[in-house]
Amino acid sequence: MAELPSCCRPCTTCLLCLYSCRWISAKKEKRKGLRTTKCDCSWFLFLFCVFLFTLVWLYFAMVILNDFHNFNEFIYKHKKLWLDWSLVLLIATAVLITYSAVLLVLALCLQLCGQPLKLHWVHKSLLILTALVVAAAFTGLGIKWAEEWRSARISLQATGPFLHIGIVGGMTLLAWPLASFIYRSCSTGLKVFLLLVYCAVMIALYLAPLAITSPCLMEENQLPPKPALVGHRGAPMLAPENTLMSLHKAVGCDVQVFETDVMVSADGVPFLMHDEKLTRTTNVQAVFPERASLNSTAFNWTDLQQLDAGSWFLERRPFPTVQSLSVGDRNQASKQKIPSLEQVLEAAKQSNISIMFDLRPENHTDYQSFVNATLDTILQSGIPLQQILWLPDGFREQVKQQVPGVQQVYGRKRLRNEKEPLLHVNLPYQDMSSEEIRQYRRDNVSVNLYVVNQPWLFSVLWCAGVSSVTTNACQVLKEMKHPIWLLPSSTYLMIWIVADCVSFLMILWAFLLVKKCSKRRQPAESETDVLLTKINSLMQE
């Protein structure tokens, strides 16, 4: 083991203390003759794997933020507890990744200083706990939220080129401690094994762009038009969902379609409401406590008009944007009531905005009467029928006959033997590939994908050529004049080659420099060992 300069000894002692939880100087460590054993190497490998594991989970956590509002609603529906769980997720993930990253940096620094890697049992226990927590998170994601795996695959179309460069850079930096370990190790088999693994990983990384595809790898003149925006329940980040205020805020965001959900009251009045029960978005528990657990359709229109449909938005703050609302917007939000479909159609007609809606609940015994009441309201409103986008599948043929001017939107892909060609489809963004979007575009089929909130996802779908997206964040996507990134394939090829070449040269330089430094240390180490042997002999005499 190399003798450390006196100026480095305090730092090395501190590193040993943090990593091994023992306050012992590097000089005493050397006198005790402690070395990095195979068991220590195994724990370092485990530490490295846990760090990569938590890093992958961090990536997944960033991806699922696009859909996390759905998770918040799911928890409220089952536990009656409202909380922005995305903050909990990010804080917990940040703690885990920071802990494993700090330990990894300490280990690498100790290796560069030629010190033994004696990981304390407390750190070992916490690393095992970290691995179990992340494994549980992945398991829960796979069981309860499996569609997010498809979201992760889509995200690689936005991040793949940059992840490749970042991983190549990280593995290049890893060459320094690896070279230091190889030139200090006495085990030839271990050295050969590590070199082979490292070389195999680097070759795979250098060739990885061959498998990277993205719709944003295109020329500027090939970029499709910006997708139209569909307001998911209006503009729910700026106003209480499914209210007239939300509709007007959506109009201010240049939204072309107001997407909502319609139910029919007990006395036959269609109104806007997403949930089957009124507890999440109204004060029904305060006004009608004995009836709060009933379905929304069990209330008549007079009862529904007594409910406050806006205060919950200010109290629970379903989105962080609620905190930045002006005083005027807060006052307006607190006065919102449940709007009838008639009121919404009148506002849509005046704002020249289309309206797309589901009719809920689909399994209700009086669903046909719901369809009839909704159609009567549409016809009586006088709104141009081409501004109505009809989503419900139930009694669709009846709707086509009674109001043939209404645009039919289907929540499925085309079938092979389609009797009537589909003109509009409305699907989750995970359900359509970039190739399918391009094909539908060539066939003049309008594709709307939901729910798209993050700019990276909007950029990928924009490059793919989607017609429109349903979003909660219309105020964010409105400001996007261009995809986050757009690269010609030739430019990306040049970046790929340059990054690989620079990485290869830095790795070569690292191994040569460490080898040169290790040769210089060998004579000094021999003299030190002789001196220590003499001192030992004198002390024994």
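This report covers the domains of the protein and the interface of domain 1 and domain 2.

The model is predicted. The domain assignment gives three entries, listed here with their residue ranges.

| Domain | Residues |
|---|---|
| domain 1 | 8-119 |
| domain 2 | 150-214 + 487-519 |
| domain 3 | 228-479 |

Domain 2 is thus written as two segments, 150-214 and 487-519. Domain 3, at 228-479, falls between those segments in residue numbering.

**Domain 1 against domain 2**

The centres of domain 1 and domain 2, taken over C-alpha atoms, are 22 Å apart. Domain 1 puts 11 residues into the contact, and domain 2 puts in 12 residues. Together the two domains bury about 960 Å². Carbon and sulfur atoms carry 73% of that area.

On the domain 1 side, three residues lose the most area to domain 2: Tyr59, Gln111 and Leu112. Their combined share is 50% of what that side buries.

Polar links across the interface come next. The rule finds zero salt bridges between domain 1 and domain 2. It does find three residue pairs in polar contact, both residues of each pair being at pLDDT 80 or more.

**The domain 1 side**

Two helices, α3 (38-64) and α5 (85-112), each supply at least two residues of the side that touches domain 2. The largest share comes from α3, with five residues. By class, this side of domain 1 has eight nonpolar residues, two polar residues and one charged residue.

How values were computed
Residues are numbered from 1 along each chain as its sequence is written. This is a predicted model: local features need pLDDT of at least 70, side-chain atom pairs count only at pLDDT 80 or more; totals for chains, interfaces and linings use all residues. Side-chain values use heavy atoms; hydrogens and water are left out. Domain bounds come from an automatic or database domain assignment. Contact means heavy atoms within 4.5 Å. Buried area is the accessible area (1.4 Å probe) that two parts lose on being put together, summed over both. A salt bridge is a side-chain nitrogen of Lys or Arg within 4 Å of a carboxyl oxygen of Asp or Glu. A polar contact is a pair of N or O atoms within 3.5 Å; within protein, one must be able to donate a hydrogen and the other to accept it, and residues adjacent in sequence count only if both atoms are side-chain atoms. Helices (H or I, at least four residues) and strands (E, at least two) are DSSP runs, numbered from the N terminus. Ala, Val, Leu, Ile, Met, Phe, Trp, Tyr, Cys and Pro count as nonpolar, Asp, Glu, Lys and Arg as charged, and the others, Gly among them, as polar.
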